[in-house]
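Good morning, and thank you for making time for this presentation. I should like to take the group through one structure, moving from its sheet to its helices and then to its aromatic side chains.

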Amino acid sequence: YRLYRSKLYQIQSGMIPDYAVPVASALMISSMMIGRQSIAFELLQLCAFLAPEGIPDQFVSLAATTLGPMLSPLADDPVLLDQAIRSLVRYSLLEREEQNGTAFTTLSIHRILQLVLLDEMDTSTRQLWAERAAHAIIQARQTMTWSVLQVHARQCLDHITHWNLSVPETEILQTYMREI
């Protein structure tokens, strides 16, 4: 904070003037600590396109091969996934919760942090992560229950619509949503 205080004060307010600035500032500092070109930061960008709560660690592992070259090693390396999540939790960018005394854990991201992440992405980055998130949901549906994935599919579709993105998998996700 001491190093970047003057720069942080210069950041203009975002969508929620009294709240987005501190979140954007925290993101800037935290992302510098974890590295913008890291597995952890890419995981954070994925989470921006999913529902803010109840993101299963298992979802990331199952879909990792569709998430690009940086995240694909997570499919075979649970330790690497755990390290990425721990660094995001350490800087309060994600929360991790154990489900009912089991080894099954889920991730949560603050809704304002999601908005800040989406706002700072350029169009091509939004397009990339919308496609990856849609691919991931479709991939994970092969082994995970739809009730777990449904909220994430809905959020992904909402982002695709809001940002006017062209994602071929949109029709597949919409079909899944109608099957309920």
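Which residue in β3 is the bridge partner of Arg96? Before I answer, please bear in mind that what you see is a predicted model. The partner of Arg96 is Leu107.

That bridge belongs to the pairing of β2 with β3, residues 105-108, in which four bridges join two strands that run antiparallel. Leu107 appears again on the β1 side, where it is the bridge partner of Ile55. The pairing of β1 with β3 is likewise antiparallel and extends over two bridges. Taken together, the three strands form an open sheet in the order β1-β3-β2. The edges are occupied by β1, residues 55-56, and β2, residues 95-98; each has a single partner strand, so one side of each is left without a neighbour in the sheet. As for β3, both of its faces are covered. Thr105 and Leu107 are buried on one side, and Thr106 and Ser108 are buried on the other.

Let me turn to helix α5. It covers residues 78-90, which is 13 residues, and its span from first C-alpha to last is 18 Å, close to the 18 Å expected at 1.5 Å a residue. Its buried residues are Leu81, Ala84, Ile85, Ser87 and Leu88. Viewed down the axis of α5, these buried residues fall within an arc of 160 degrees, so they line one face of the helix. The other side of α5 carries exposed residues, namely Pro78, Val79, Arg86 and Arg90.

What follows α5 deserves a remark on backbone geometry. Most residues other than glycine have a negative phi. Ser92, in the loop between α5 and β2, has a positive phi of about 60 degrees although it is not a glycine. Is Ser92 buried or exposed? With a relative accessible area of 63%, Ser92 is exposed. A second case is Asn164, whose phi is positive and near 55 degrees. Asn164 lies in the loop between α8 and α9, and Asn164 too is exposed, at a relative accessible area of 73%.

The next element is helix α7, residues 123-141. Its 19 residues reach 27 Å from first C-alpha to last, close to the 27 Å expected at 1.5 Å a residue. The buried residues of α7 include Arg126, Gln127, Trp129, Arg132, Ile137 and Ile138, together with several alanines, among them Ala130 and Ala133. What covers the buried residues of α7? The covering elements include α3, α4 (57-63), α6 (111-120), α8 and α9.

On the α3 side, I would draw attention to Gln45, which lies in that helix, residues 39-48. Gln45 counts as buried, because its relative accessibility is 11%, under the 20% cut-off. Setting aside neighbours within four places in sequence, Gln45 is in contact with Met121, Thr125 and Trp129.

Trp129 brings me to the aromatic side chains. The charged end of Arg132 sits over the ring of Trp129, at 4.8 Å from its centre. A second arrangement of this kind involves Arg141, whose charged end sits over the ring of Trp146, at 5.0 Å from its centre.

How many aromatic pairs does a search of the whole structure find? The search finds one. It is formed by Trp146 and Tyr176, with 5.4 Å centre to centre and 70 degrees between the planes. Why is this pair called edge-to-face? The reason is the angle: planes over 60 degrees apart count as edge-to-face, and here the angle is 70 degrees. The pair links distant parts of the chain, with Trp146 in helix α8, residues 146-162, and Tyr176 in helix α9, residues 170-178, 30 residues apart. Both partners are buried: Trp146 has a relative accessible area of 14%, and Tyr176 has one of 15%.

To close, I return to Trp146. The ring of Trp146 has the charged end of Arg141 over it, and Trp146 also forms the edge-to-face pair with Tyr176. Thank you for your attention.

Key
Residues are numbered from 1 along each chain as its sequence is written. This is a predicted model: local features need pLDDT of at least 70, side-chain atom pairs count only at pLDDT 80 or more; totals for chains, interfaces and linings use all residues. Side-chain values use heavy atoms; hydrogens and water are left out. Rings of Phe, Tyr and Trp (its six-membered ring) pair if their centres lie within 6.5 Å; planes under 30 degrees apart count as stacked, over 60 as edge-to-face and the rest as tilted. Buried means under 20% relative accessible area, exposed over 50%, partly exposed in between (1.4 Å probe, protein chains only). A charge sits over a ring if NZ of Lys or CZ of Arg is within 6 Å of the ring centre and within 35 degrees of the ring normal. The expected span of a helix is 1.5 Å times one less than its number of residues. The arc is that of the directions from the helix axis to the C-beta atoms. Two strands pair if DSSP finds at least two bridges between them. Contact means heavy atoms within 4.5 Å.
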